[in-house]
Amino acid sequence: MRLALAAALFALHPVIAFADARDPVLFQASSNGGPPQLTSAGDVSVAFFSGPLSEDLSLRLSDGRGLSFGPTISIDAPGTSDFISSRAAAVVGTEVHVFWSDDRHYQVPLWPMVASTPFLRVLDTTTGVLGPELALPISTLPEHTSALDRDFAATLHAGAVHLHAATFERRLDPTTGSIDNVIVLDSSHDGGATWLPRLELTPPGSVSFGSVRVLTQGPNVHVLYEDEVSFGKSELFHQRSSDGGLTLDFPAPLAIPESYEVNGFDVELDGAHLALAIERFASDFGYSYTSLVTSPDRGTSFHPPSTISSPAVFVDQGFEARIAISPGTSELVAIGTVSDLLFQTHVVAMHSPDGGLSWSPGVVLDTGPLSRVDVTAAGPGRDRVVATWQAGVGTTGQLEAQVSLDRGKVFGPTLPLAPNLVAGRFLAWNDLYQNLLVSFADWSSPKATWIGGLRPQAIGVSGVAGGSTALTVDFEGFDGGADLAWVLFSDSDAGLALPGDRDLGLGVSALLVDSLGLAASGLFAAPLTPLGGGSTGSLPVPAPGIPPGLTLFAVGVGIDLQSATVVDISDAVRLDT
């Protein structure tokens with residue numbers, strides 16, 4: 001290969017910082033202020049959203065990278081005036097299951113009963129065929145049925161798609177005018193074509209419930225919900241099914257320890273591990289605090305609770321809490337916001353090596369006006385954890401992130417995920433490409449919406465502009481057992497399919513073929529440390545050095561020498577000389 005040609009890609013900047021967030025792509029030029037919700041699995045990413053008045057539901061598709069999204073696909077009938085009160089989507093294989101509820105059956109004389117009817121449609125991403133609108137089960141007439149909260153989950157079990165919907169359902173008795181509240185689980189073992197008999201987790205009555213969550217893995221289904229047990233104060237309850245929603249495991253739902261006065265919660269499931277981060281508010285004292293509650297046996301028993309804290313902060317109150325499990329392990333990470341006696345807010349991360357039985361001292365990730373924390377962990381066999389938050393006052397601020405390469409023990413520097421102040425965001429993690437997707441809306445009108453993200457595995461290039469005679473390629477964050485990293489170049493980003501459904505991000509070209517040869521020879525390669533870092537060292541560039549006027553693209557590739565397979569791929573970096 002002509003090394004001078006390969007070196008041309010480094011002329012854009014003397015230093016290109018690695019571990020950087022990708023540039024967001026415009027999703028909508030204007031919106032009603034809400035960014036699209038995201039879900040991503042395998043080689044499918046979905047951004048789904050409602051119209052300006054929340055009366056239309058649409059989605060757009062991308063591959064697992066989420067770098068660009070296709071045309072809009074209408075899910076419900078466009079142009080209708082049916083208000084969409086809830087929406088969710090799940091990717092199972094190459095199918096997208098879209099769940100929503102709307103008020104098409106609302107009748108004004110029945111106020112304050114506002115009908116909310118649940119529906120499902122399935123999109124085959126390989127053929128583009130959108131299936132018919134399917135109504136989920138209800139127990140009374142549609143106009144007599146409403147819901148104050150719903151959640152939806154999907155999984156592949158024994159070769160079949162299992163769907164589960166948990167609902168805080170309200171039922172009107174048209175004779176007496178009374179309204180009963182009940183928590184209900186609906187389950188399907190054939191992708192929504194048919195549904196099992198409904199399971200009522202609570203007896204119908206006047207008790208008021210709050211948020212509802214449903215989680216599933218294999219045949220196991222978990223439902224958690226807030227129950228207003230006394231004097232307007234809520235507690236968190238849990239019910240479980242071990243046979244896919246056919247029967248319930250407990251005679252009655254079990255109260256979650258340390259959840260009284262719950263004011264919001266996050267929950268994660270992996271195998272037998274059930275982990276909760278609970279936000280609590282003592283209304284009698286105006287005091288906020290958090291609880292971390294974990295179970296090693298699918299919610300049958302729980303470890304002693306903990307709370308978000310750090311020895312670096314004299315914690316006065318705790319506000320937000322989120323939790324994640326590194327799949328296939330007993331390692332957990334929790335993140336939350338706490339305030340001190342000087343009214344400063346801190347983002348604190350905590351790590352547990354043993355399923356929540358013990359927690360390491362919390363580490364402060366940031367200090368200032370902070371809110372809207374979140375955390376996600378990579379899938380089985382991976383060590384990455386990404387923590388995000390919003391830095392700013394009120395509902396707007398700068399969206400930021402930190403990455404851990406050791407399952408949450410240590411985090412790296414803060415990275416901006418959005419260039420502008422944002423109002424709202426949604427996150428999704430893709431295990432195939434090992435990248436975080438983030439959607440957000442501009443704070444100022446016309447409230448354009450964007451989708452960006454990052455890959456923890458990244459390349460950094462040091463060199464000089466035209467005439468450079470030396471360059472260095474650095475690697476960071478390569479994971480999954482890779483021993484070696486290659487850097488590859490092309491003058492095309494048209495894409496190249498790899499075994500395992502991934503795309504290299506570079507197009508076929510003579511430069512790519514030549515760089516593959518150089519990487520295989522060891523010149524454009526570097527051994528990786530246990531944390532996935534490495535460097536090629538200084539590479540000479542033959543005279544006359546880097547020519548101007550080229551547009552080239554580079555990616556880093558992690559190689560497992562034992563299996564001779566590609567492990568990680570970085571985002572493609574564009575370089576204009």
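Trainee: How many helices and strands does the protein have?
Mentor: The structure discussed here is a predicted model. Its secondary structure consists of two helices and 41 strands.

Trainee: What is the average pLDDT of the protein, and which residues stay under 50?
Mentor: In the protein, 95% of the residues score at least 70, and the average pLDDT is 91. Where pLDDT is low, the predicted coordinates should not be read in detail. The 69 contacts beyond four places in sequence that the model has for the stretch under 50 belong to residues 1-19.

Trainee: What radius of gyration does the protein have, and why does it agree with a compact globule?
Mentor: The C-alpha trace spans about 90 × 55 × 50 Å along the principal axes of the protein. For 577 residues, a compact globule would have a radius of gyration near 25 Å, so the value for the protein agrees, at 25 Å.

Trainee: What percentage of the residues in the protein is buried?
Mentor: The accessible surface comes to about 22,500 Å², and carbon and sulfur atoms hold 58% of that surface. Among contacts with a separation of 6 or more, 53% join residues 24 or more positions apart. Of the 577 residues, the buried share is 55%.

Trainee: Which strands stand at the edges of the open sheet E22-E23-E24-E25?
Mentor: This open sheet has four strands with antiparallel pairing. An edge strand here pairs on one side only. Neighbouring strands of the sheet are turned by 25° against each other on average, direction ignored. The edge strands are E22 (315-325) and E25 (363-367).

Trainee: Where in the hairpin of E22 and E23 is a positive phi found?
Mentor: Strand E22 pairs with strand E23 (residues 332-340) in the antiparallel sense over nine bridges. Val315 has Asp340 as its bridge partner, and Ile325 has Leu332. Six residues lie between the two strands, and the positive phi, about 80°, is found in the turn at Gly328.

Trainee: How many residues of strand E20 are buried?
Mentor: Strand E20 covers residues 273-282. Seven bridges join it to strand E19 (residues 262-270), and nine bridges join it to strand E21 (residues 287-295). Both pairings run antiparallel. E20 is mostly covered, the buried count among its 10 residues being nine.

Trainee: Which residues are the bridge partners of Glu268 and Ala277?
Mentor: The partner of Glu268 lies in E20 and is Ala275. For Ala277, the partner lies in E21 and is Leu292.

Trainee: Which glycines take a positive phi in the hairpins of E19 and E20 and of E20 and E21?
Mentor: The hairpin of E19 and E20 has two residues between its strands, and Gly271 takes a phi near 60°. The hairpin of E20 and E21 has four residues between its strands, with a phi near 65°. The glycines are therefore Gly271 and, in the hairpin of E20 and E21, Gly286.

Trainee: Why does one side of strand E7 and of strand E10 lack a neighbour in the sheet?
Mentor: The open sheet has four strands in the order E7-E8-E9-E10, with antiparallel pairing. E7 (84-92) and E10 (134-135) stand at its edges, so one side of each is left without a neighbour in the sheet; the reason is that each has a single partner strand.

Trainee: Which residue in E10 stands opposite Phe119?
Mentor: Strand E9 (residues 117-124) pairs with E10 in the antiparallel sense over two bridges. The residue in E10 opposite Phe119 is Ala135.

Trainee: Is Thr388 buried or exposed?
Mentor: Thr388 has its place in strand E27 (residues 385-391). Not counting residues up to four places away in sequence, Thr388 touches several residues, including Ile335, Arg372, Leu417 and Leu436. Because its relative accessibility is 1%, Thr388 counts as buried.

Trainee: What separates the C-alpha atoms of Thr202 and Gln239?
Mentor: Thr202 is found in the loop between strand E14 (199-200) and strand E15 (209-217), and with a relative accessible area of 8% it is buried. Leaving aside neighbours within four places in sequence, Thr202 is in contact with Val182, Ile183, Phe209 and Tyr225. Gln239 is 37 residues from Thr202 along the chain, and their C-alpha atoms are separated by 9.9 Å.

Definitions and conventions
Residues are numbered from 1 along each chain as its sequence is written. This is a predicted model: local features need pLDDT of at least 70, side-chain atom pairs count only at pLDDT 80 or more; totals for chains, interfaces and linings use all residues. Side-chain values use heavy atoms; hydrogens and water are left out. Two strands pair if DSSP finds at least two bridges between them. Axes are lines fitted to C-alpha atoms, for helices over the stretch in contact, and angles run from 0 to 180 degrees between N-to-C directions. The radius of gyration is taken over C-alpha atoms; the globule rule is 2.2 Å times the number of residues to the power 0.38. Buried means under 20% relative accessible area, exposed over 50%, partly exposed in between (1.4 Å probe, protein chains only). Contact means heavy atoms within 4.5 Å. Accessible areas come from the Shrake-Rupley method with a 1.4 Å probe; for residues, only the protein chains shown count as cover. pLDDT is the predictor's confidence in each residue, from 0 to 100.
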